[in-house]
Amino acid sequence: MTSERAARGSLLHLDASAAAADVSVSRGLTALFAAGWRERHPDAHYRYRDLAADPVPHLTAAYARLGYRAERGGTVPVERVASLARDADEQAEWRLTLPLLREVLAADTLLLGVPMYNLTAPATLKAWIDRVNFPGAFTDPRTGGSALRHTRVVLVTAHGGGYGPGAPKEGLDFLTPYLRGYFTDRGVAAEHLHVVTAEMTRAWDIPGLAPLRPAAAESMAAARAAVTALVNLLDADAADAADGAGASHGAGGRSAPYPA
Ligand SMILES: Cc1cc2nc3c(=O)[nH]c(=O)nc-3n(C[C@H](O)[C@H](O)[C@H](O)COP(=O)(O)O)c2cc1C
């Protein structure tokens, strides 16, 4: 990442909740982050993608053929993948994939708003991950290392229940560990991966969960504070990178800073 790019910044903001903005907790929290970030980076690139309203198509056999062919050729730079397509279906798959991939590669910061659905990520997000993760796409052709090694990732998750220590559902959160594992496996540095979680969001609607409302309110307040703190943290981070200091203030890999 050049100093100029760091100073200017670029944010790719994805939301995956099926719920509308006035109801969705994850959408509310990502909007809070995006507003703060954009205020601090008025000249920066900002790209928004709503994976629920504008779903990414699931993969087809043509995508799999093209991907396996690319893998057999070693690490194929993204610019050369189109030349590997052998028929119209493969070309169509690549036309769907390349713009999504370019958005990821162009972003200094990825912001993802992710609800927990059935203990894990919504299918809309998984469809996006499956598509952008074309073989070799996150390999920097100049270095052979990860193209995401400087990318900041802010994961905002919302759970209807509680999954922390002592909760009846402790151990059943397959959302945050999955996304944390996915991004670190793709080369995002642990100190660049930030997770904010609001828990027990269903306590407000479900009468039987009413006793959890104080804890839910606490979780929400802590999530909002964590999001605001992250705007400041990443701003300082970008300023350091622009100065050439390259220091990271990230206390990455943090887990939800509030009770379950
Ligand atoms: C299809 C669906 C499945 C859900 N599954 C779970 C679940 O397994 N565990 C949970 O704690 N909450 C679950 N919830 C509740 C959501 O995680 C919760 O409402 C969360 O706030 C959703 O994020 P949002 O407010 O950004 O839409 C589910 C909600 C829906 C719509």
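Helix α3 covers residues 61–72, and its 12 residues, at 1.5 Å a residue, should span 16 Å; the end C-alpha atoms are 16 Å apart, which agrees. The expected span here is 1.5 Å times one less than the number of residues. Helices (H or I, at least four residues) and strands (E, at least two) are DSSP runs, numbered from the N terminus. This is a predicted model, in which local features need pLDDT of at least 70, side-chain atom pairs count only at pLDDT 80 or more, and totals for chains, interfaces and linings use all residues. Residues are numbered from 1 along each chain as its sequence is written.

**Two faces of α3**

Which residues of α3 are buried? They are Tyr 63, Leu 66, Gly 67 and Ala 70. A residue is buried if 20 or more other C-beta atoms lie within 10 Å of its own, exposed if 12 or fewer, and partly exposed in between, with C-beta atoms placed from the backbone. Seen down the axis of α3, the buried residues fall within an arc of 100°, so they line one face of the helix. That arc is taken over the directions from the helix axis to the C-beta atoms. An α-helix has 3.6 residues a turn, so residues three or four places apart point the same way.

The cover over the buried residues of α3 includes α4 (78–81) and α5 (88–106). On the face turned away from the buried side sit the exposed residues Ala 61, Ala 64, Tyr 68 and Arg 72. Just after α3, Gly 74 takes a positive phi of about 80°.

Ala 88 belongs to helix α5 and is exposed, with 9 other C-beta atoms within 10 Å. Ala 88 and Ala 62 are 26 residues apart in sequence, yet 9.0 Å apart in space, C-alpha to C-alpha.

**The chain as a whole**

The protein chain has 8 helices and 5 strands, which run α-β-α-β-α-α-α-β-α-β-α-β-α from the N terminus on. Of its 260 residues, 38% count as buried. Two residues are in contact if their C-beta atoms, placed from the backbone, lie within 7 Å. Among contacts with a separation of 6 or more, 77% join residues 24 or more positions apart.

**Helix α2, the core and the ligand**

The 16 residues of α2 should span 22 Å at 1.5 Å a residue, and the end C-alpha atoms are 23 Å apart, which agrees. Buried residues of α2 include Ser 26, Leu 29, Thr 30, Phe 33 and Trp 37.

The largest nonpolar core holds 58 residues; Leu 29, Phe 33, Leu 111, Val 114, Leu 155, Val 156 and Val 227 touch the most other members. Such a core is a set of buried Ala, Val, Leu, Ile, Met, Phe, Trp, Tyr and Cys residues joined through C-beta atoms within 7 Å. Helix α8 (residues 213–243) gives the most to this core, with 9 residues.

Leaving out residues up to four places away in sequence, Val 156 touches Ser 26, Leu 29, Thr 30, Leu 112, Gly 113, Val 114, Val 196 and Val 227. Val 231, in helix α8, is buried, with 20 other C-beta atoms within 10 Å. With the same sequence neighbours left out, Val 231 touches Phe 33, Gly 36, Trp 37 and Arg 40.

Where does the ligand fit in? Its shell has 17 residues, of which Ser 17, Ser 26, Pro 115, Gly 160 and Thr 201 come nearest; a residue is near a molecule if its C-beta atom, placed from the backbone, lies within 6 Å of it. Helix α2 (residues 25–40) supplies the largest share of this shell, 3 residues. By class, the shell has 7 nonpolar, 8 polar and 2 charged residues.

**Positive phi after β3**

Two residues other than glycine have positive phi values, and each lies in the loop between β3 and α6.

| Residue | Phi | C-beta neighbours inside 10 Å | Exposure |
|---|---|---|---|
| Asn 118 | about 50° | 9 | exposed |
| Leu 119 | near 75° | 14 | partly exposed |

**Strand β1**

Ser 10 lies in strand β1 (residues 10–15) and counts as partly exposed, with 18 C-beta neighbours inside 10 Å. Beyond four places in sequence, Ser 10 touches Ala 44, His 45, Ala 106, Ala 107 and Asp 108.

Terms used: Ala, Val, Leu, Ile, Met, Phe, Trp, Tyr, Cys and Pro count as nonpolar, Asp, Glu, Lys and Arg as charged, and the others, Gly among them, as polar.
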